[in-house]
Structures are given as structure tokens and as C-alpha cells.
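Thanks for coming. I will go through some charge pairs, then one helix packing.

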Amino acid sequence: MRAFHTPQATQPPSLFNPPRTSILPSSSLTLNPSISTSTPNNNQLIQSLCKQGNLKQAFELLFQEPNPSQRTYELLILSCAHQNSLSLAQSLHSHISENGFDQDPFLVTKLISMYSALDSLDAARKVFDKTRKRTIFVWNALFRALTLAGFGEEVLGLYRKMNRIGIPSDRFTYTYVLKACVTSECLVSLLKKGKEIHAHILRHGFEAHVHIMTTLVDMYARFGCVSHASSVFGEMPVKNVVSWSAMIACYAKNGKPFEALELFREMMVETHDSFPNSVTMVSVLQACAALAALEQGKLIHAYILRRGLDSVLPVISALITMYSRCGKLELGQLIFDKMEKRDVVSWNSLISSYGVHGFGKKALQIFQEMICQGVSPSPVTFVSVLGACSHAGLVEEGKRLFDSMHKEHGIYPSVEHYACMVDLLGRANRLEEASKIIDEMRIEPAAKVWGSLLGSCRIHCNVELAERASNRLFRLEPQSAGNYVLMADIYAEAKMWDEVKRVRKLLETRSLQKVPGRSWIEVKRKMYSFVSVDELNPQIEQIQSLLIKLSGEMKEKGYVPQTKVVLYDLEEGEKERILLGHSEKLAVAFGLINTNKGETIRITKNLRLCEDCHLFTKFISKVVNKEILVRDVNRFHHFQNGVCSCGDYW
């Protein structure tokens, strides 16, 4: 350890030049309270001790120093936070107050940040409340502390107060209050506040600040306002790698993976002075995974290796997910096996990968292996493993896991976990049990929970429970057309045509539109998108001709079109024509026309695979002897030789 010495006197001792006390090395520093050790250099020594991490010794010397400097207090505050010592922090705060520094705006900001780092928000609030001269830096310090702790609405209330008393915001203020809009649940009222702050930014001429505008993009992205985020991004005079990454992530996380990949290509062309970072690559890999774009994903993987980003844990986890979502589960497993260090996110990625492929027992095995290796499961872990149980129909195993969350791992179930349990029981046609789970929830059931119940009622055509779930959903999500469509599906299955008309009328009067079915397929490293009854594809006549031909051949082998999924009172022939126009059938036919013999067809669907498309694809895989992978919104379907890996349980 370094020893500290005071400079030696170069003049003989005299009345005006007394000899200085030599300070022992810090490792053997002892102080006798009866002997004054205060010297002009004590502040420097305290600061040096702080930098060395010798906080207790620094404190011993502090109490012998009559005139601590601002810099000394600053380093002591930082050290208390760094060493996570609340008791020393409180002692230091008292010392600062006794010496009259408690109204120093600079030290006040440091004290607020210190208490924030020590998870003592009440103490941070008290520091702020007792400060008479609150500079913008003091306000910013509290905004930051509260935002980090998730008290977004409190920040916005204080921000209004700050504006009323006429303190102008700076660039840091705007980033904190924008982040405050999304720290709590993304409520519509908070989106309105975010838009008001956006207007404030424009009014005060801060639109040229790249950091503020990037935070604004992220704020709109969190609320799912993709068009707003895109507009802000497009108008930015200067963009950096963080800005590009924020917009790519916005697309990737809001159901626009195609746009995410297009923007990434644009970034690679337009930016010459900066390169994509690990955050960028995670979002791009998520987009590849969403589209099952295997060849694109391989190119991104090669780029990651060239840039040396293959040691970054979030990137590796995203690679595992990408390969598994592209149907290459074995490559995801290989990457996981080669990892030198694994965190809980890596384990979650692997568990989820096996889950969406329907290998529930393997997912459970990996979960147990993770526990045995001393890795504590996170809330996301349980979402992944409960989802795996749901896809595989492992009801009892899922129930045991759910019960173990709090008893063995100290994790209270969230809305997502309850939604998983309702889905698990509902898929297994244990709907009354699923309903009981909802009734006994320790928290308020949210839309996800009722959505799981409604989806299960759709599978098993339980009208009574479906009506209960849909009534709740119509109140919780009045603008979600999907809930109305599901309810209409259930009524149609039950041949309750008057109710079908009533629900469809509700859709019309509320100006809601069903999310159109869309499928993607990758052929020769290019992505192609199809919507139902797509007339724009240049090969559409060839595609339709092939589908009609295949439909005829399959009918001879036992295929019966599942016309019940068409919610219109039409002739059977017209219903069959509508079914042949479904986006996944168009994508399958396009793949058959444009892929080589023996090449696997990979398709992604944005909605649940309908019963007819599932049956149709099973027959096609046998008739043309082709391996077809389809990933819908719930899971993977691996079609081969007339059989699906889901076992018709999806």
C-alpha cells in the first residue's frame, strides 16, 4: 500500500515556521485524540485515503480537521456510496451540517446522489426539502434519484412545480423527466405528459441536442408509438450510434422487425465515423429472430465475430435466441455450451428456446441444472419455464414450479406469471381451475391474464367463461380489436351467428380494425412478406395456381378444409377460396416455388396459426416431401412427413 508523507521542512525551525509532524504510512496510521494532528495538508491526506478506499481512516482524520474543504467532503460522499455504507453516510451528513456546508448546492447534489445509490430515497428527499437555494443541478439530482427508483409520477409533479417557480430546464432535466414518463407503468396519462415535455423541448430550442432527442425516441418506443418515434428520429439533425440503436430497438420491440433490419442496413451505409455497438446488435438479432431470418442472422453473427462483440453476454444470449427462433435449436445449444461465463439471461434464453419448440421436459431439465449450478432464477426465468410447461402440456410440473416461486426462491408472482398459469391450465381444458386462479390472485388481474383465459376459451369453445373474460378485456383494452375478433371466433364456433354480428357491429362502431394476418419467409437472404389475399406479389398467379393444385391433391388423400374458421355465412366453396388466401399458405407456396430440393422452408406468422393452415401444412409436408418450419405468435411448428412437432397441441 502506498505511504503518504508530508513535505519535509527545508528551513530550520523557528517561531513562525514550526516543525511539521511526519505522517506514518496509511497502513499503520494511528491517531491519538489527545494530540492535534490538524495540519494544512490534512485535507489532501483525507482525499488520498478516500481514493485508496481507506474510508474509516479518512473518517478518523476528518474529525481532527477543523476546516474540511468542499473537495474533501465530495470525495467522502462518493466513498460512502461506493462502499455502500449508510451509517457512515449519515455520520458524514451530520458533520457537513454541523460545519455549515449543508446549504452548498454542489454538495447537496452529491448528498442526494449518495442517498440514491444507498437506496435511501427518504433521506434524499429530506436533503432536497431542507435546501433553501435549489439550483437546477439540485432539482436534476432529485429527478435522477426518483427516476432510477421508479417514482416517475413524483418526478413529473416536481417538474411542474419547478416550471411554476420559473427555474429553466437544462438538457439533463429533459432526459430525466422523459425517462420518468416510462419508469412506472406506461399509462396513457403519462404519454400525454411525455408529449407536453416534447413540446416544451421544441419551444425552448433543445431539439438539436442528440441525447435529449434519443431519449424522446426511446420514450415513444416504450409507449408503442412507433410513428412518433420515427418522426422524431427522422428530424434529428445529428444522429449517433445511440440514436440509431434506439430507433432499431423501437422497431424490433414493437412488432416491426422488417423495418428494424432495413434501418440497420441504412445505418451501415450512412455512418462512417461510428460502428454499431452491442446494444445495436442485440436489437438486430431480435429482429432476425422475429422473422426467422436464418441467413440474415448468420451474416449478423459473422459481423459480431469480426467486431469482437462475441464475448458480450447480452449479445451471446441474443444469438442463442436467434438461432432457436430460426429453427436451429442445436446451434443455440452449441453457443451456450461454449460460453465461458453464463448469467441468468443466458439460461433464460436456452430455457425459452426449448419451450417454444415444445420440449418442455428438456426446458425443466435445464432449469434444474441452472439451480444446481448456483444461479438464482429471475422472474423472467419463471415466465420462460412456465411457458415451456404450457406448450408441452406439463400441468402438474407447472403448478409445482409456480408454488415454488415464493416458497423456495422468494419471488412473488407477477401478472405475467399468473397469465402463464391461466394459459397452462386453459390449454389443458382445465378452465374452471384457470378461472379459480384468477379469482384468488393476490394482485389485480390485468389484460394479459384475461387474454390468456379468452385464448383458452377459443381453443375449447367455452362461451360462458369467454364472455366473462371478454367483458373485462373490453373495459381494460377498449381499443384492442383482437379481443373482439377472438370473441366473434368463439361465437362462430358455437354457431351463435346473432352474437357474431353483434360483436362485429361493436368493432365497426368503435372504428377498430383487426390486425391483418402477415407471414414472412426468407429466400436467398432476402425477406418476403405476405398478407392475406396478397395481390401485389409478382408471382401471385403462380402461387394461387400451385395452391389450388395442391389442395385438390390433398383432398384426395383426406384433407378436409376447416371452413369453420371463416366467420362469414357463405357457401362452402367461397369459404375454401378465402382459406387459400391466408398469408401462411401464400408463403408456403412461394417457398415451394423458390427454394431448392431438400431446403427447409422457414416461415414466421404474426398471429396464431389457424386450424386449417395447420392441417394444410401437415398435408403439404407429406405430399411434396418438404420440411417446413412455421413459428406463430405462440410457438414453433415443425412439419415433416405429415406430422407437426406440436402434436396438435397449440
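**Salt bridges and one helix pair**

There are 25 salt bridges in the structure, a salt bridge being a side-chain nitrogen of Lys or Arg within 4 Å of a carboxyl oxygen of Asp or Glu. This is a predicted model, where local features need pLDDT of at least 70, side-chain atom pairs count only at pLDDT 80 or more, and totals for chains, interfaces and linings use all residues. Residues are numbered from 1 along each chain as its sequence is written, and side-chain values use heavy atoms, leaving out hydrogens and water.

Start with Glu154 and Arg125, whose closest N and O atoms are 2.9 Å apart. Glu154 is in helix H8 and Arg125 in helix H6, so the bridge ties together parts 29 residues apart in sequence. Helices here are DSSP runs of H or I, at least four residues, numbered from the N terminus. Arg125 is buried at 19% relative accessible area, while Glu154 is partly exposed at 29%; buried means under 20%, exposed over 50%, partly exposed in between, with a 1.4 Å probe and protein chains only.

Next, Lys549 bridges to Glu553 at 2.8 Å. Both are in helix H29, 4 residues apart, about one helical turn.

Now the packing. Helices H4 (residues 86–98) and H5 (residues 105–117) pack at about 165 degrees, axes 11 Å apart; axes are lines fitted to C-alpha atoms over the stretch in contact, and angles run from 0 to 180 degrees between N-to-C directions. That makes H4 roughly antiparallel to H5, the term for angles over 145 degrees.

Note on methods:
Helix = DSSP H or I, 4+ residues; strand = E, 2+ residues; numbered from the N terminus. Parallel < 35°, antiparallel > 145°, perpendicular 65-115°, else oblique.
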